[in-house]
Amino acid sequence: PGVHAEMTEKFHQFHQIWKVDERVPGKTPEDFQTILGLTEIACGVALLFPVLSAIINLVLVPLGFVVNWVLMVLMAGAVYTHMELKESVAPPAVLLGLLLLYTIVSIASLMSGKPRPVAGTEASTVSTKKEN
């Protein structure tokens, strides 16, 4: 409860930077906080369920790739916000760096023609048999 109250209070400072009510009339800082939070949760859940990702991969572009880009945009916004507030940018910058690294590894994997297997599938387990 204390962390939530602190984050809600800080969101009013974020509101001064992003001016949500000017960009989207009728929206409050709490609405902005809710939308960002739900987006982060949805992206995190999508990354946790590789089976969902495998199903969507058949229909659309790889879900993990799209989710990763959404999270990178959110983290870039977080870095900018913390810079404007003259606060430490380390937490969002580290997350942004890790997401960027994941993107680079994913693109390299796709370009090599050897995409990473989906976790939980037979192809992703380490084989204990010796090849002849």
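Where in the chain does Phe49 lie? In this predicted model, Phe49 is found in the loop between helix 3 and helix 4, the latter covering residues 50–59. The residue is partly exposed, because its relative accessible area is 46%, a value between the 20% limit for buried residues and the 50% limit for exposed ones. Phe49 is separated from Gly64 by 15 residues in sequence, and the C-alpha atoms of the two residues are 9.8 Å apart in space.

The overall architecture is helical. The protein chain contains six helices and zero strands, so that its elements, read from the N terminus, follow the order α-α-α-α-α-α. Of the 132 residues in the protein chain, 21% count as buried. The exposed surface of the protein chain amounts to about 9,700 Å², of which carbon and sulfur atoms supply 70%. Among contacts between residues at least 6 apart in sequence, 51% join residues at least 24 apart.

Helix 1 (residues 2–18) packs against two other helices, helix 3 and helix 5. With helix 3 (residues 29–48), the axes come within 9 Å and cross at roughly 100 degrees. Helix 1 is therefore roughly perpendicular to helix 3, as the angle falls in the range of 65 to 115 degrees used for that description. On the side of helix 1, the contact is made by Met7, Thr8, Phe11, His12, His15 and Trp18, and on the side of helix 3 by Pro29, Glu30, Phe32, Gln33 and Leu36. Sorted by class, this contact comprises six nonpolar, four polar and one charged residues.

The axes of helix 1 and helix 5 come within 10 Å and cross at roughly 95 degrees. Helix 1 is therefore roughly perpendicular to helix 5 as well. Here Phe14, Ile17 and Trp18 of helix 1 meet Gly77, Tyr80, Thr81 and Glu84 of helix 5. The residues of this contact are four nonpolar, two polar and one charged. Trp18 thus takes part in the contact with helix 3 and also in the contact with helix 5.

Helix 5 extends over residues 63–84. At 1.5 Å a residue, its 22 residues should span 32 Å, and the end C-alpha atoms are indeed 32 Å apart, so the expected and modelled spans agree. The buried residues of helix 5 are Leu63, Gly64, Val67, Asn68, Leu71, Met72, Leu74, Met75, Gly77, Val79, Thr81 and His82. An α-helix has 3.6 residues a turn, so residues three or four places apart point the same way. Gly77 and Thr81, both in this buried set, also belong to the contact with helix 1.

Asn68 is a further member of the buried set in helix 5. Its relative accessibility is 1%, and Asn68 therefore counts as buried, the cut-off being 20%. Leaving aside neighbours within four places in sequence, Asn68 is in contact with Leu99, Tyr102 and Thr103.

Just after helix 5, Lys86 takes a positive phi of about 55 degrees, although Lys86 is not a glycine. Most residues other than glycine have a negative phi. Lys86 is situated in the loop between helix 5 and helix 6, the latter formed by residues 90–111. With a relative accessible area of 75%, Lys86 is exposed, whereas Asn68 in helix 5 is buried.

Definitions and conventions: Residues numbered from 1 in each chain as written. Predicted model: local features only at pLDDT ≥ 70, side-chain atom pairs only at ≥ 80, totals over all residues. Heavy atoms only, no water. Helix = DSSP H or I, 4+ residues; strand = E, 2+ residues; numbered from the N terminus. Buried < 20%, exposed > 50% of the residue type's maximum accessible area, 1.4 Å probe, protein only. Contact = heavy atoms within 4.5 Å. Expected span 1.5 Å × (residues − 1). Axes fitted to C-alpha atoms, helices over the stretch in contact; angles between N-to-C directions. Parallel < 35°, antiparallel > 145°, perpendicular 65-115°, else oblique. Nonpolar A, V, L, I, M, F, W, Y, C, P; charged D, E, K, R; others polar. Areas by Shrake-Rupley, 256 points an atom, 1.4 Å probe, with all protein chains shown as cover.
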